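New to this one? Take a quick look at the sequence and the 3D view below, then read on for a short tour.

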Amino acid sequence: MQIVKRNIELRVDDSLMRVYVAAPKTAGKYPGIIFYSDIYQLGDAIIRLVNYLAGFGYVVAAPEIFHRIEPVGSIIEPNDLGRMRGNDDARKTLISEYDADTRAVIDFLKNDSSVIADKIGTLGFCIGGHLAFRAAFESEIAAAVCCYPTGIPSGKLGKGVADTLHRFAEIKGEMLLIFGTEDPHISEHDRHTIINALENAKVHHQFFTYEAEHTFMRDDGYRYDAAATTSAWEQIIAFLQRKFRR
């Protein structure tokens, strides 16, 4: 499916938040997806993932997660200096600010003429996987895909300690989790902690693990694994299509 692309601006707490939106070219109404990047924001590798998902029939809205700190349009390079910068931006952002951004994007999607208002989901990578988990606390989120979500057992997300792990009972939709077994940022213990908490909260969920490293779905890095990525996307697309079948 061909897609069209645009940038919109949302104002959250008087801060300009750029949101990159990719959507099917064919006129109609489609499910909406809030898409969360990793700490490097909306560089080429992430934009390719947004565009890929949109091509399966979704209106995908990807906000700049550090808009209160970085100038609009800022792309953080995925190198050692960029990692320092992105992690520092994350530490300076209040958890309540991340949540406010989520609310703003949900409201945008609900009011967009090309979106089916009662079919909204979320997908994120790394810190974005954690943000997708928190987005699932919102009543509108019917499905959440969290790819190697960092900081959930520890509460590491932004300024302060995130209460994400203790709020799983608020999740009303379904969850799909993607993990890499060689990921040093999400240990086997942490994976089990997350999955056990979902089971205890009686949240309907699936999870898949791959013999892969952190950020293995990002195609511009040395940890990229094409085979694992292809398999993960097959599971993601099947999950979303089942949830949002029209």
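What follows is a briefing on the sheet, the helices around it, and the empty spaces inside and on the outside.

Keep in mind that this is a predicted model. Its sheet is open and has eight strands, with mixed pairing. A search of the whole structure turns up one cavity of 30 Å³ or more, and there are pockets to look at too, the largest holding about 480 Å³ of space.

**The sheet**

- Going across the sheet, the strands come in the order E1-E2-E4-E3-E5-E6-E7-E8.
- Strand E1 (3-12) and strand E8 (205-210) sit at the edges with a single partner strand each, so each has one side without a neighbour in the sheet.
- From one strand to the next, the twist averages 20°.
- In general, strands of a sheet pair through backbone hydrogen bonds, and they do it either parallel or antiparallel.
- E1 and strand E2 (residues 15-24) run antiparallel and are joined by ten bridges; in that pair, Glu9 has Arg18 of E2 as its bridge partner.
- E2 also pairs with E4, again antiparallel, through four bridges. Here Tyr20 has Ala62 of E4 as its bridge partner.
- E3 and E4 go the parallel way, over three bridges, and Ile34 stands opposite Ala61 in E4.

**A covered strand**

- How many of E4's residues are buried? Five of its five are, and the strand is mostly covered.
- In a regular strand, side chains alternate between the two faces of the sheet.
- In E4, Val59, Ala61 and Pro63 are buried on one side, while Val60 and Ala62 are buried on the other. Both faces of E4 are covered, then.

**Helices**

- Helix H3 (residues 95-111) packs on the sheet, touching E1, E2, strand E3 (30-36), strand E4 (59-63), strand E5 (115-125) and strand E6 (141-147). The direction of H3 makes about 130° with that of E1.
- Helix H5 (residues 188-200) lies across strand E7 (174-180) and E8, and H5 runs at about 170° to E7.
- Why is helix H4 (residues 127-135) described as largely enclosed by the rest of the structure? Because nine of its nine residues are buried.
- The buried residues of H4 include Ile127, His130, Phe133 and Arg134.

**The cavity**

- The largest cavity has a volume of about 40 Å³.
- Which residues line the largest cavity? They are Met17, Tyr36, Pro63, Ile65, Tyr98, Asp101 and Leu131.
- By class, that lining comes out as six nonpolar, no polar and one charged.
- Some of these names have come up already: Pro63 is one of the buried residues of E4, and Leu131 is one of the buried residues of H4.

**The pockets**

- The largest pocket is lined by 19 residues, and Asn87, Cys126, Thr150, Lys156 and His185 lie nearest its centre.
- Helix H2 (residues 80-92) gives the most to the lining of the largest pocket, with four residues.
- The lining of the largest pocket is a mix of six nonpolar, eight polar and five charged residues.
- The second largest pocket holds about 180 Å³ of space.
- Around the second largest pocket you'll find Tyr40, Pro78, Arg83, Thr215, Arg218, Asp220, Gly221, Tyr222 and Arg223.
- The lining of the second largest pocket splits into three nonpolar, two polar and four charged residues.

Key: Residues numbered from 1 in each chain as written. Predicted model: local features only at pLDDT ≥ 70, side-chain atom pairs only at ≥ 80, totals over all residues. Heavy atoms only, no water. Pairing = 2+ DSSP bridges. Helix = DSSP H or I, 4+ residues; strand = E, 2+ residues; numbered from the N terminus. Axes fitted to C-alpha atoms, helices over the stretch in contact; angles between N-to-C directions. Contact = heavy atoms within 4.5 Å. 1 Å grid on protein atoms, 1.4 Å probe; cavity = no way out; pocket = protein on both sides within 12 Å on 5 of 7 lines; lining within 4 Å. Points joined across faces, edges and corners; volume = space filled by probe spheres on them. Nonpolar A, V, L, I, M, F, W, Y, C, P; charged D, E, K, R; others polar. Buried < 20%, exposed > 50% of the residue type's maximum accessible area, 1.4 Å probe, protein only.
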